[in-house]
Amino acid sequence: MRQALRLAIRLTAVLGLYGAAAAQVCDPPGPAPRFGCVWSTETCQWICAVCDPLGVAPRSDCTWDQNVCNWICPGYTGVDVTVHTTHAPMRDATVYVKLSSLCRQTGASATCGGSFPVSAALSIAQKCEAIVQTVTDNCAPAGYEVTADDCAASGGFTASNVGCPGTQFALGLSNDPNVFDQSDQPALPDGESELTQGWCDPMPGTVAGLHVDKASGGSNIHLTWSPDSNAENYTAFDDSASSGSFDVTVGTATDPATGLTVAMPQGTEFYLVSGSNPTCGSGPKD
């Protein structure tokens with residue numbers, strides 16, 4: 001009886017050590033992608049509540065990222081956003097400025113904006129300073145700050161989301177209060193033009209080396225791909241057309257070598273994979 005008891009104690013100790021080691025292996029890779037996410041030690045991934053889009057996309061090439069719970073728009077969405085005025089106004093008009101984000105740490109929305117008049121008498125530097133002043137006057141309470149002002153020398157400045165560090169935000173400029181699209185594009189109706197660039201570091205790169213193989217005797221398929229140094233998690237998407245939108249998520253994984261196993265589709269399906277991290281959200285689908 002004593003020997004059995006000692007054996008049970010030893011076995012419990014070994015299992016306890018094994019459990020501790022397993023827990024360490026399955027520790028979260030970093031902070032939660034956004035507010036409300038819970039780390040699962042069973043699947044070793046973040047489980048996030050459904051995060052529906054905030055209204056319509058700011059523009060057609062924006063995609064909704066369920067991990068960061070925000071619109072990701074190439075060109076003018078980032079943790080830091082730089083704006084360079086490239087052409088002074090050519091006629092009288094009103095310029096509208098809008099900044100928006102959803103804090104991944106708290107789930108709080110931060111949207112602000114303002115407007116100012118322009119005329120053909122305004123220089124590039126003056127137009128740039130007018131944008132800086134509008135952001136400073138209207139967006140400080142929402143957590144945004146102008147962290148670099150080089151309007152006098154280069155006609156540019158940088159705004160940052162200091163109120164919610166690590167969360168991307170969109171900065172838009174327009175002559176229309178309902179339309180904000182200021183990535184590399186033609187001049188606005190008043191003739192002025194800005195080049196807006198969102199910066200996020202480290203941004204996940206393009207996922208390469210995607211392989212699709214039969215698994216489980218042909219009842220499933222197994223996806224593997226090459227790792228991206230800036231990605232902590234990966235999401236696989238499918239579409240029945242190679243030129244489709246690939247909006248349907250088929251699964252997530254943290255290890256590209258282990259990959260992902262999904263059910264064999266009924267017809268022809270195409271697959272893309274996107275890497276993501278808590279700071280910058282999702283990279284391109286490839």
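Which cysteine forms a disulfide with C37, and how many Å apart are their sulfur atoms? The partner is C48, and the two sulfur atoms lie 2.1 Å apart. Please keep in mind as you read that this is a predicted model.

## The disulfides

The link of C37 and C48 is right-handed, with 105° about the S-S bond. C37 sits in the loop between α1 and β1, while C48 sits in the loop between β2 and β3 (63-65), so this disulfide ties together parts 11 residues apart in sequence. What about burial? C37 is buried, its relative accessible area being 12%, under the 20% limit for that class. C48 has 25% relative accessibility and counts as partly exposed.

In total, the structure holds 5 disulfides. Another one of them is formed by C26 and C44, with 2.0 Å between the sulfur atoms. This pair links distant parts of the chain, 18 residues apart: C26 belongs to the loop between α1 (2-25) and β1 (38-40), and C44 to the loop between β1 and β2 (45-47). C26 counts as buried at 4% relative accessibility, whereas C44 counts as partly exposed at 26%.

Further along the chain, C112 is joined to C139 by a disulfide with an S to S distance of 2.1 Å. The torsion about this S-S bond is about 105°, so the link of C112 and C139 is right-handed. Here a strand is tied to a helix: C112 lies in β8 (residues 109-118) and C139 in α2 (residues 124-139), so the connected parts are 27 residues apart in sequence. C112 is buried at 9% relative accessible area, and C139 is buried at 1%.

In chemical terms, a disulfide is a covalent bond between the sulfur atoms of two cysteines. Here are the three pairs described above, side by side:

| Pair | S to S distance | Relative accessibility |
|---|---|---|
| C26 and C44 | 2.0 Å | C26 4%, C44 26% |
| C37 and C48 | 2.1 Å | C37 12%, C48 25% |
| C112 and C139 | 2.1 Å | C112 9%, C139 1% |

## An open sheet

Now to the strands. Four strands form an open sheet in the order β16-β15-β18-β19, and their pairing is antiparallel. Which strands stand at the edges? They are β16 (248-253) and β19 (281-282); each has a single partner strand, so one side of each is left without a neighbour in the sheet.

Inside that order, β15 (residues 233-239) and β18 (residues 270-277) run antiparallel and are joined by 7 bridges. As an example of the register, Y234 has G275 in β18 as its bridge partner. In general, strands of a sheet pair through backbone hydrogen bonds, either parallel or antiparallel.

## The largest pocket

Some of these strands return in the lining of the largest pocket, which has a volume of about 1000 Å³. The lining is made up of 43 residues, and those nearest the pocket centre are W64, D65, Q66, F237 and S282. Two or more lining residues come from each of β2, β3, β12 (193-199), β15, β16 and β18. Which element gives the most to the lining? That is β15, with 4 residues.

What is the chemical character of this lining? Its residues divide into 19 nonpolar, 19 polar and 5 charged. Strand β15 thus ties two topics together: β15 is joined to β18 by 7 bridges, and β15 also gives the most residues to the lining of the largest pocket.

Key:
Residues are numbered from 1 along each chain as its sequence is written. This is a predicted model: local features need pLDDT of at least 70, side-chain atom pairs count only at pLDDT 80 or more; totals for chains, interfaces and linings use all residues. Side-chain values use heavy atoms; hydrogens and water are left out. A disulfide is a pair of cysteine sulfur atoms within 2.5 Å. Buried means under 20% relative accessible area, exposed over 50%, partly exposed in between (1.4 Å probe, protein chains only). Two strands pair if DSSP finds at least two bridges between them. On a 1 Å grid over the protein atoms alone, a cavity is a set of points where a 1.4 Å probe fits but cannot get out, and a pocket is an open set with protein on both sides within 12 Å along at least five of seven lines; lining residues have an atom within 4 Å of a point. Grid points are joined across faces, edges and corners, and a volume is the space filled by probe spheres set on the points. Ala, Val, Leu, Ile, Met, Phe, Trp, Tyr, Cys and Pro count as nonpolar, Asp, Glu, Lys and Arg as charged, and the others, Gly among them, as polar.
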